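Student: Could you take me closely through the nonpolar core of this model, and then place that core within the chains that build it? I would like one connected account rather than a list.

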Amino acid sequence: MSHTSNQSSTLLLITGGRLVDGQGGEADNDALLIRDGRIAATGSQARSADVDDTINADGWVIAPGFVDLCCNLREPGNGQKGNIASETRAAAHGGFTTVCASPETSPVNDSGAVTHLIRDVAASRSPIRVLPIGAITRGLEGDLLSDMAGLRNAGCVAVGNGSRGVRNARILRRCMAYAQTFGLTVMFSPENQALAADGYAHDGLVTSRLGLLGIPEVAETAAVMEMLLLAEETGVRLHLSQLSCARSVEMLAEAQQRGIKVTADVAIHQLLFTEDALAGFDSRFHVRPPLRSESDRRALVAGVREGVIAAIVSQHQPHDTAAKQAPLAATEPGLSTIESVLSLGLELVDRDELSLTDLVRALTSGPASVIGRTSGLAEGDMADLCLFDPTGTWVADDRTLVSAGRHAPVTGRELTGVVRMTLVEGRKAWDALQA
Amino acid sequence: MTAHDPSPHHLQLTRDGQLRHFLTLDGLDRDLLTDILDTADSFIEVGERTIKKVPLLRGRTVVNLFFESSTRTRSTFELAAKRLSADVLNLDISTSATSKGESLSDTLLNLEAMASDMFVVRHSQSGAPHFIAESVTPGVAIINAGDGRHAHPTQAMLDMLTIRQHKQRFEGLKVAIVGDVLHSRVARSQIRALNVLGAEEVRVIAPGTLLPKDVESLGCTVEYDMEKGMKDLDVVIMLRLQKERMEGALLPSEREFYRLYGLNREKLALAHPECIVMHPGPINRGVEIESAVADGPQSVILNQVTNGIAIRMAVMSMAMGGQVAERQRQQAKGAKA
């Protein structure tokens with residue numbers, strides 16, 4: 001995060017708009033005063049201050065800044081797909097004030113040196129906070145433990161497998177026991193690789209019709225079950241990343257009831273799209289885990305609504321155009337989502353599948369709690385804020401997208417919900433007027 | 001929610017419903033399929049002349065792009081194009097450009113720059129012809145000569161032509177497809193064609209390891225027991241079994257497969273006495289079919305091969321017609337603007 005400006009010592013006043021804290025609190029905003037990067041006062045007390053700058057938020061929603069548990073910044077190593085500067089700016093455009101950087105870089109973030117590199121680049125080039133996730137095994141090869149204590153000391157907030165697997169249950173069990181030693185949360189995307197084999201789409205109606213290679217549901221659910229049992233045994237804090245199956249949500253809820261320390265997230269596109277998105281061989285929707293059936297989608301949305309799934313993530317995967325310009329099976333998985341998360345989430349609100357509070361919670365306090373951070377709009381809270389116009393419209397295209405990846409999930413039609421301003425510790429990380 | 005028109009079919013038809021690419025049978029209606037069969041019938045006569053040529057594609061360049069080798073399919077496409085008087089270029093891409101690291105898109109754009117009018121594409125990946133038609137060279141007519149496990153629409157149509165020649169109709173027919181449906185692009189296209197043309201029942205007969213998930217959703221019933229499945233059949237279509245299937249733990253052995261799902265005289269006797277036997281080829285004698293059946297009186301396997309040329313002539317001439325109409329429409333639009 002850049003500290004070149006000293007705006008943080010200035011006094012900033014936000015007037016008007018509606019406060020939605022994602023924890024059930026909703027109120028009209030009279031005034032919100034920001035001093036030294038924190039929310040200093042609200043209401044009439046805030047008004048009385050002699051401020052340097054005032055933001056008129058009439059008609060906007062004032063929410064805590066969004067927190068993303070799964071974001072691929074592509075640096076180090078994949079400059080043709082994006083870099084820390086481009087992708088964190090895209091994140092700020094999307095209303096995010098904190099992103100967790102996936103360990104799947106080149107080299108993999110499996111040592112303190114790589115973690116330091118990411119943090120150093122972020123410190124000078126990123127308008128928002130970047131929290132690295134360390135690799136759970138060396139090189140993410142799935143065979144040997146990574147230097148987890150070193151990763152933690154260098155600033156990793158969790159360890160994970162990115163989108164790769166671990167050789168077998170014995171190694172996984174040791175990874176968990178070792179992570180538990182250092183109080184590290186294990187973020188794991190569950191996929192049994194033997195069952196997933198060469199698949200790249202949900203094993204269901206569409207793959208059967210189009211002759212695509214399927215990834216069966218059981219590739220995820222068998223892995224979820226195995227991880228839940230190992231988490232129970234080792235006592236590690238487990239976070240299941242990017243669930244895609246209804247049955248996984250059921251097992252997760254059951255495990256939470258049993259008192260197992262487990263949380264989970266879901267990628268935004270899993271909440272809106274299904275296997276049908278591949279019906280025209282649209283390689284944009286080649287994602288992993290794959291988009292599954294409508295009943296899976298509904299169960300995932302219900303999981304967010306009921307709080308069983310703590311967080312919605314972007315699973316942002318920017319690519320160069322060549323990575324998506326090939327027959328479906330030969331393309332790379334992933335969507336460029338981070339700038340569309342809010343608008344897609346608001347479609348769910350518009351359809352009454354989620355309330356605005358559910359959505360904001362799953363983008364703020366939900367993910368923040370997974371990595372041991374707080375989020376809110378009360379006095380004393382960090383002034384990480386997202387100010388958005390819930391009725392404003394935009395179209396995701398080459399003019400508007402900031403990310404190096406142009407394969408956004410929805411292009412060519414209007415989206416509702418525009419981020420007007422993103423503040424990180426009271427400093428403007430994104431200002432639509434100046435963009 | 002969908003990001004754009006999800007149908008893969010809009011791609012292969014012109015605005016007024018003419019064929020301009022031939023990628024899949026999905027989205028093509030009964031009238032159009034019947035039109036293809038009728039057109040093919042008219043070309044059968046051409047094959048019986050001393051001079052087997054018509055000038056429908058004179059001056060056009062057809063490129064056979066086979067990313068996966070196939071002598072027979074390529075030969076019938078080549079013959080079909082030549083009988084339509086086209087100039088034909090055969091490219092075996094698996095051994096040329098792509099092995100030098102050139103991307104598929106770049107290879108195709110180069111060929112398009114050589115003023116090609118039609119690409120006949122075979123590719124090991126499902127959806128490759130779609131990708132080419134949609135994103136790479138939309139101005140070139142694309143004919144799918146088999147893509148991955150997805151579709152082999154000309155094969156399915158030549159099978160339909162063969163069935164119509166022998167049965168004169170599709171209504172009331174009971175048809176079984178036997179063997180490796182999971183990996184078969186032919187089976188997927190056949191099931192679709194038979195459903196659209198009005199067959200009474202399409203049965204797939206195979207063990208569970210060789211069936212795609214929810215196969216019934218394609219428009220068929222499932223029978224594991226071949227002896228039961230042969231009952232009342234008017235048509236039995238055998239699929240080719242690849243030897244790799246044993247290694248992937250999908251089947252225990254060729255011998256067990258032949259015993260359970262191979263077509264021999266005893267099993268054929270359980271079907272309707274006039275049941276015809278089909279196979280898209282090449283045949284594994286003694287694996288999916290007994291020689292006495294393959295060469296027997298009920299076999300129409302060689303008719304299929306003959307019909308292959310007529311069907312391909314029909315599809316190529318129709319798609320070229322649609323493509324030319326589309327170009328003229330766009331030119332007219334451009335002239336107005």
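Tutor: What follows starts at the core and then moves outwards to the chains, their contact and the domains. The model is a predicted one, and the description should be read with that in mind. The largest nonpolar core has 237 residues, and those with the most contacts inside it include Ile62(A), Val159(A) and Val186(A) from chain A, together with Ile143(B), Val178(B) and Met316(B) from chain B. Helix H12 of chain B, residues 301-336, contributes the largest share of this core, with 10 residues. Apart from this core lies another, of five residues, among them Ala396(A), Ala408(A), Val410(A) and Leu415(A).

Val186(A) is a good residue on which to centre the view. Leaving aside residues up to four places away in sequence, Val186(A) touches Ile136(A), Val159(A) and Gly160(A), then Cys175(A), Met176(A) and Ala179(A), and finally Val236(A), Leu238(A) and His239(A). One of these partners, Val159(A), is itself listed with Val186(A) among the residues with the most contacts inside the core.

Chain A as a whole has 13 helices and 20 strands, and buried residues make up 60% of its 435 residues. Of the contacts in chain A between residues at least 6 apart in sequence, 75% join residues at least 24 apart. The C-alpha trace of chain A spans about 65 × 45 × 45 Å along its principal axes, and its radius of gyration is 21 Å, which agrees with the value near 22 Å that a compact globule of 435 residues would have.

Where the two chains meet, 27 residues of chain A are in contact with 29 residues of chain B. Helix H7 of chain A, residues 205-210, gives the most to the chain A side, with four residues, and that side as a whole divides into 16 nonpolar, seven polar and four charged residues.

Within chain B, the domain assignment gives domain 1 as 10-150 + 308-320 and domain 2 as 153-304. The centres of these two domains of chain B, taken over C-alpha atoms, are separated by 26 Å, and 23 residues of domain 1 are in contact with 19 residues of domain 2. On the domain 1 side of that contact, helix H1 (30-48), strand S4 (141-147) and H12 of chain B each supply at least two residues, and the residues of this side divide into 10 nonpolar, six polar and seven charged. Helix H12 of chain B thus appears both in this domain contact and as the source of the largest share of the core.

Conventions:
Residues are numbered from 1 along each chain as its sequence is written. Chains are lettered from A and ligands numbered from 1 in the order in which they are written. This is a predicted model: local features need pLDDT of at least 70, side-chain atom pairs count only at pLDDT 80 or more; totals for chains, interfaces and linings use all residues. The radius of gyration is taken over C-alpha atoms; the globule rule is 2.2 Å times the number of residues to the power 0.38. A residue is buried if 20 or more other C-beta atoms lie within 10 Å of its own, exposed if 12 or fewer, and partly exposed in between; C-beta atoms are placed from the backbone. Two residues are in contact if their C-beta atoms, placed from the backbone, lie within 7 Å. Ala, Val, Leu, Ile, Met, Phe, Trp, Tyr, Cys and Pro count as nonpolar, Asp, Glu, Lys and Arg as charged, and the others, Gly among them, as polar. A nonpolar core is a set of buried Ala, Val, Leu, Ile, Met, Phe, Trp, Tyr and Cys residues joined through C-beta atoms within 7 Å. Domain bounds come from an automatic or database domain assignment.
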